[in-house]
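Me: I've got a model open on my screen and I'd like to know where its labels come from. Can we go through them one by one?

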Amino acid sequence: MAIEYMSVTDVAKRLGISTAAVSAYKLPQPDATIGRTRGWLPETIDRWNASRPGRGVGGGRPRKNKNE
């Protein structure tokens, strides 16, 4: 049985985001590479996604002080 790897497009669909957004993420090392095309196993992406920090980590832009 052949092993099926996920492309960047497949990863985007699995995460429910655009391919442009996936390109901005630091994805894990691919499980397979053919030429310049990278491929990941679904469990690799699931494990990576589960270990990512949650929304709002890093604080974003500081709020303006209302007293100034």
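Me: Let's start with the whole chain. What percentage of the 68 residues in the protein do buried residues make up?

Reply: Buried residues come to 18% of the 68 residues. Keep in mind that this is a predicted model.

Me: And what is the secondary structure of the protein made of?

Reply: Three helices and two strands. Starting at the N terminus, the order is α-α-β-β-α.

Me: Now T44, which lies in helix α3. Why does T44 count as buried?

Reply: Its relative accessibility is 10%. Buried means under 20%, so T44 makes the cut.

Me: What does T44 touch, leaving out residues up to four places away in sequence?

Reply: P28 and D31.

Me: Which residues of α3 are buried along with T44?

Reply: I45 and W48. The helix itself covers residues 42-51.

Me: What puts those buried residues on the same side of α3?

Reply: Look at the arc: around the axis they cover only 95 degrees, so they sit on the same side of α3. As background, an α-helix has 3.6 residues a turn, so residues three or four places apart point the same way.

Me: Which residues are exposed on the other side of α3?

Reply: R47 and A50. To be called exposed, a residue needs over 50% relative accessible area.

Me: What covers the buried residues of α3?

Reply: The cover includes α1, residues 8-15.

Me: What makes α1 oblique to α3?

Reply: The crossing angle does. The two axes come within 11 Å and cross at roughly 50 degrees. Under 35 degrees would count as roughly parallel, and roughly perpendicular takes 65 to 115. An angle of roughly 50 degrees fits neither, so α1 is called oblique to α3.

Me: In which hand does α1 pass α3, left-handed or right-handed?

Reply: The crossing is right-handed.

Me: Which residues make that contact?

Reply: From α1 you have V11, R14 and L15. From α3 there are P42, I45, D46, W48 and N49. I45 and W48 are also among the buried residues of α3.

Me: How many residues of each class does the contact of α1 with α3 have?

Reply: Five nonpolar, one polar and two charged. Arg and Asp count as charged, so R14 and D46 are the charged pair in this contact.

Me: Last one, back to the whole protein. What percentage of the contacts with a separation of 6 or more comes from residues 24 or more positions apart?

Reply: That figure is 49%.

How values were computed. Residues numbered from 1 in each chain as written. Predicted model: local features only at pLDDT ≥ 70, side-chain atom pairs only at ≥ 80, totals over all residues. Heavy atoms only, no water. Buried < 20%, exposed > 50% of the residue type's maximum accessible area, 1.4 Å probe, protein only. Helix = DSSP H or I, 4+ residues; strand = E, 2+ residues; numbered from the N terminus. Arc of directions from axis to C-beta. Contact = heavy atoms within 4.5 Å. Axes fitted to C-alpha atoms, helices over the stretch in contact; angles between N-to-C directions. Parallel < 35°, antiparallel > 145°, perpendicular 65-115°, else oblique. Left-handed = near helix turned anticlockwise from the far one by under 90°.
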